[in-house]
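Me: I'd like to learn how to read a structure like this one, feature by feature. Can we start with the ligand?

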Amino acid sequence: MSIDCKDKVVLITGAAKGIGAAACRALAEAGAKVAVSDIDAAAGRELCEALRSRGADAEFFALDVCDEQQWQSCLEMVVASYGRIDGVVNNAGIAVICGPEDESLDGWRRTQRINSDAVFLGSRAAIQAMKSQGGSIVNVSSIEGIVGDPMLPAYNASKGAVRALTKSLALYCADRQYGIRVNSLHPGYVETPLVSGALAQLPDDDAAAFASRVVASIPLGRMAQPEEIASGIVFLLSDASRYMTGSELVMDGGYTAR
Ligand code: NAD
């Protein structure tokens, strides 16, 4: 079966850059109507223009995923624009490289708020918006939600929470026969502004050591390109994955196989 999302209306968070932007492009190619959302309105609008110039049906919605009220109004606006919503991708996230002895409580909480609390807010809003007609929720976790890294304690905890939350939501939606599937996606290291930004916060020697340790741990010998992860998002939103719920889709070049 080819992967087709024709006429599905999909909202993606953190869509202005990296994996989210690649997912918007891939979804547009698969025929979806793409609700592009991000806290960075300028970059989000720019991406929308680029998608539309290639014939895609795309609209920008400003959304800070940590803001409960904004979630409510954003989904109402998407439904007002398109008449329905078939998929929500909770993709927005941050990463800060910081060992447990140096991590502050504020830093820890910021990571949990954006990477984990916001996935609860987005999933809750998505279930409420889609339960009468069904749909698909894709929660972007990470390999760091499955295994640990000594320098990513806050990130590990936030992504592990997304992995477990996803299974709870999948069971809840199945129990109530909402027709909503909920799955988590676990990318390995991907060349995006998130990775380059996290490395840029470290002294040059530490950044180089972190990057070479990571690449040496990837059996395929390189980081992924965002497009190589976007295909997993399209799959999980499409009917090609209709028998999957509560699952973990790992796309990591073999990182977690060791
Ligand atoms: P990125 O930094 O390239 O893009 C993230 C986007 O999220 C940005 O456009 C940013 O403006 C937006 N954003 C940040 N805070 C936000 C907020 N509060 N509300 C709305 N938008 C917000 O990141 P990426 O690498 O594309 O990562 C996307 C997702 O994939 C994240 O959840 C990340 O944890 C996960 N992930 C990334 C990698 C990787 O190696 N890049 C690996 C595994 C998982």
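Me: How far does a backbone N or O atom of Leu194 lie from an oxygen atom of the ligand?

Reply: The idea to have in hand is the polar contact, a pair of N or O atoms within 3.5 Å; within protein, one must be able to donate a hydrogen and the other to accept it, and residues adjacent in sequence count only if both atoms are side-chain atoms. Here a backbone N or O atom of Leu194 sits 3.3 Å from a ligand oxygen atom. For Asn91, a backbone N or O atom is 2.7 Å from an oxygen atom of the ligand. Lys159 uses its side chain: an N or O atom there is 2.9 Å from an oxygen atom of the ligand. Keep in mind that this is a predicted model, where local features need pLDDT of at least 70, side-chain atom pairs count only at pLDDT 80 or more, and totals for chains, interfaces and linings use all residues. Residues are numbered from 1 along each chain as its sequence is written, and side-chain values use heavy atoms, with hydrogens and water left out.

Me: Which residues come nearest to the ligand?

Reply: A residue is near a molecule or strand if one of its heavy atoms lies within 4 Å of it. There are 27 residues around the ligand, and Asp38, Asn91, Tyr155, Val190 and Thr192 come nearest.

Me: Now pockets and cavities. What is the volume of the largest pocket?

Reply: Rolling a probe the size of a water molecule over the atoms shows where empty space is left. On a 1 Å grid over the protein atoms alone, a cavity is a set of points where a 1.4 Å probe fits but cannot get out, while a pocket is an open set with protein on both sides within 12 Å along at least five of seven lines; lining residues have an atom within 4 Å of a point. Grid points are joined across faces, edges and corners, and a volume is the space filled by probe spheres set on the points. By that recipe the largest pocket has a volume of about 1,000 Å³. It is lined by 45 residues, of which Ala92, Gly93, Ile94, Ala95 and Leu194 are the closest to its centre.

Me: Which helix gives the most to the lining of that largest pocket?

Reply: Helices here are DSSP runs (H or I, at least four residues), as are strands (E, at least two), and they are numbered from the N terminus. The top contributor to the largest pocket's lining is α6, with 6 residues. At least two lining residues each come from α1 (18–29), α4, α5 (153–175), α6 (193–200) and α7 (204–216). Sorted by class, the lining has 27 nonpolar, 11 polar and 7 charged residues, where Ala, Val, Leu, Ile, Met, Phe, Trp, Tyr, Cys and Pro count as nonpolar, Asp, Glu, Lys and Arg as charged, and the others, Gly among them, as polar.

Me: And how many cavities of 30 Å³ or more does the structure hold?

Reply: Just 1. About 30 Å³ of space lies in the largest cavity, and its lining includes Thr13, Asn90, Asn91 and Ala92. Helix α4 (residues 105–130) gives the most to that lining, with 3 residues. The lining holds 5 nonpolar, 3 polar and no charged residues.

Me: Staying with helix α4, is Ser123 buried or exposed?

Reply: Buried means under 20% relative accessible area, exposed over 50%, and partly exposed in between (1.4 Å probe, protein chains only). Ser123 is in helix α4 and is buried because its relative accessible area is 0%. Contact means heavy atoms within 4.5 Å; beyond its neighbours within four places in sequence, Ser123 is in contact with Asn90, Ile137, Asn139 and Leu169. Arg110 is also placed in helix α4, but at 41% relative accessibility Arg110 counts as partly exposed. Not counting residues up to four places away in sequence, Arg110 touches Ile94 and Val96.

Me: One last feature: what is phi like at Asp7?

Reply: Most residues other than glycine have a negative phi, and most peptide bonds are trans. Asp7 has a positive phi, near 65 degrees, and its place is in the segment before β1 (9–12). Gln177, not a glycine either, has a positive phi of about 55 degrees. Gln177 is in the loop between α5 and β6 (180–187), and it is exposed because its relative accessible area is 72%.
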